[in-house]
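Me: I'm new to this one. Can you walk me through it, piece by piece?

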Amino acid sequence: MNFDKEFDASGISCPLPIVKTKKALADMESGQVLKVTATDCGAVKDMQAFADQTGNTLLSSTEEGGKYIFLMKKK
Amino acid sequence: MTTKKMAIIATKGTLDMAYPPFILASTAAALGYEVQVFFTFYGLQLLRKDLSDVMISPLANPAMPMPIPMPVMVQMLPGMESMATMMMKQKLKKHGVASLQELRDLCLEADVKFVACQMTVDLFEFDKSEFIDNIEYGGAATFMGFAGDTDICLFV
């Protein structure tokens with residue numbers, strides 16, 4: 001799936017994947033998609049919670065070879 | 001939709017107890033909350049420009065996981081506090097947990113408001129020049145002014 005910007009959160013733990021996702025979204029435009037890669041398994045629930053509370057849309061949340069891949073569409 | 005608000009009172013100045021206020025404040029700010037942290041008593045240490053003196057003590061901290069069981073008589077030996085702090089910092093780094101400095105910077109960047117307790121500053125005769133800039137000074141009533149209208153209010 002296509003995305004407009006990518007952010008690698010590998011190796012960092014809570015709350016950095018969320019806080020830095022928020023920062024990565026800041027200079028994007030509404031409707032654009034951010035791809036986030038994380039290794040913190042806590043990010044799976046947190047990324048959904050982030051989307052629910054901020055109005056951004058979590059298009060997909062998948063796991064590939066020990067990495068968690070998220071596609072977040074900006075509100 | 002009105003902006004949600006969170007207030008935290010940070011009263012502890014040890015490495016372990018410094019994390020919860022900064023983690024929760026930076027996360028809430030990322031979720032769009034307006035956040036204010038009121039630092040009082042030992043919590044004021046977390047507003048110092050230099051955070052390298054923030055330590056963790058194994059003493060009176062019986063739940064702290066230790067590589068080997070350590071009797072209290074050993075925990076009180078000179079240098080144990082520095083050793084525990086060093087080990088904790090290595091552990092935090094290995095697991096990709098942000099440093100206090102980084103979390104505090106993220107809070108400030110996200111417009112989290114830090115308020116230092118004026119009474120405690122006077123009580124301990126702290127020099128305000130040792131604290132970071134862009135913080136405010138106030139008392140309990142200042143805190144209530146914000147806390148009275150919050151969705152989440154925590155005491156750490």
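**Where the chains meet**

Reply: The contact takes eleven residues from chain A and eleven residues from chain B. Residues count as in contact if their C-beta atoms, placed from the backbone, lie within 7 Å. This is a predicted model, where local features need pLDDT of at least 70, side-chain atom pairs count only at pLDDT 80 or more, and totals for chains, interfaces and linings use all residues. Residues are numbered from 1 along each chain as its sequence is written, while chains are lettered from A and ligands numbered from 1 in the order in which they are written.

Me: Which element gives the largest share of the side of chain A that touches chain B?

Reply: That is α1(A), with four residues. Both α1 and α2 of chain A supply at least two residues each to that side. Helices (H or I, at least four residues) and strands (E, at least two) are DSSP runs, numbered from the N terminus.

Me: And by class, what is on that side of chain A?

Reply: Six nonpolar, four polar and one charged residues. Here Ala, Val, Leu, Ile, Met, Phe, Trp, Tyr, Cys and Pro count as nonpolar, Asp, Glu, Lys and Arg as charged, and the others, Gly among them, as polar.

Me: Back to α1(A). How many of its residues are buried?

Reply: Eight of the eleven are buried, so α1(A) is largely enclosed by the rest of the structure. Buried means 20 or more other C-beta atoms within 10 Å of the residue's own, exposed means 12 or fewer, and partly exposed is in between, with C-beta atoms placed from the backbone. Among the buried ones are Leu16(A), Lys20(A) and Leu25(A).

Me: What covers them?

Reply: The cover includes β1, β2, α2 and β4 of chain A, together with α1 and α4 of chain B.

Me: How do α1(A) and α2(A) cross?

Reply: Their axes come within 10 Å and cross at roughly 40°. Axes are lines fitted to C-alpha atoms, for helices over the stretch in contact, and angles run from 0 to 180 degrees between N-to-C directions. That makes α1(A) oblique to α2(A). Angles under 35 degrees count as roughly parallel, over 145 as roughly antiparallel, 65 to 115 as roughly perpendicular and the rest as oblique.

Me: Which residues make that contact?

Reply: Pro17(A), Ile18(A) and Thr21(A) of α1(A), with Ala43(A), Asp46(A) and Phe50(A) of α2(A).

Me: New topic. In what order do the sheet strands of chain A come?

Reply: The order is β1-β2-β4-β3, in an open sheet with mixed pairing. Two strands pair if DSSP finds at least two bridges between them. β1 and β3 of chain A stand at the edges, each with a single partner strand, so one side of each has no neighbour in the sheet.

Me: Which pairs run parallel, and which antiparallel?

Reply: β1(A) and β2(A) run parallel, joined by five bridges. β2(A) and β4(A) run antiparallel, with six bridges. β3(A) and β4(A) are antiparallel too, with seven bridges.

Me: What sits between β3(A) and β4(A)?

Reply: Two residues, in a hairpin. Gly65(A) in the turn has a positive phi of about 50°.

Me: Which residues are on the covered face of β4(A)?

Reply: Tyr68(A), Phe70(A) and Met72(A). Tyr68(A) is the bridge partner of Ala38(A), and Phe70(A) that of Ser61(A).

Me: Where do the helices of chain A lie on the sheet?

Reply: α1(A) lies across β1, β2 and β4 of chain A. α2(A) lies across β2, β3 and β4.

Terms used. Two residues are in contact if their C-beta atoms, placed from the backbone, lie within 7 Å.
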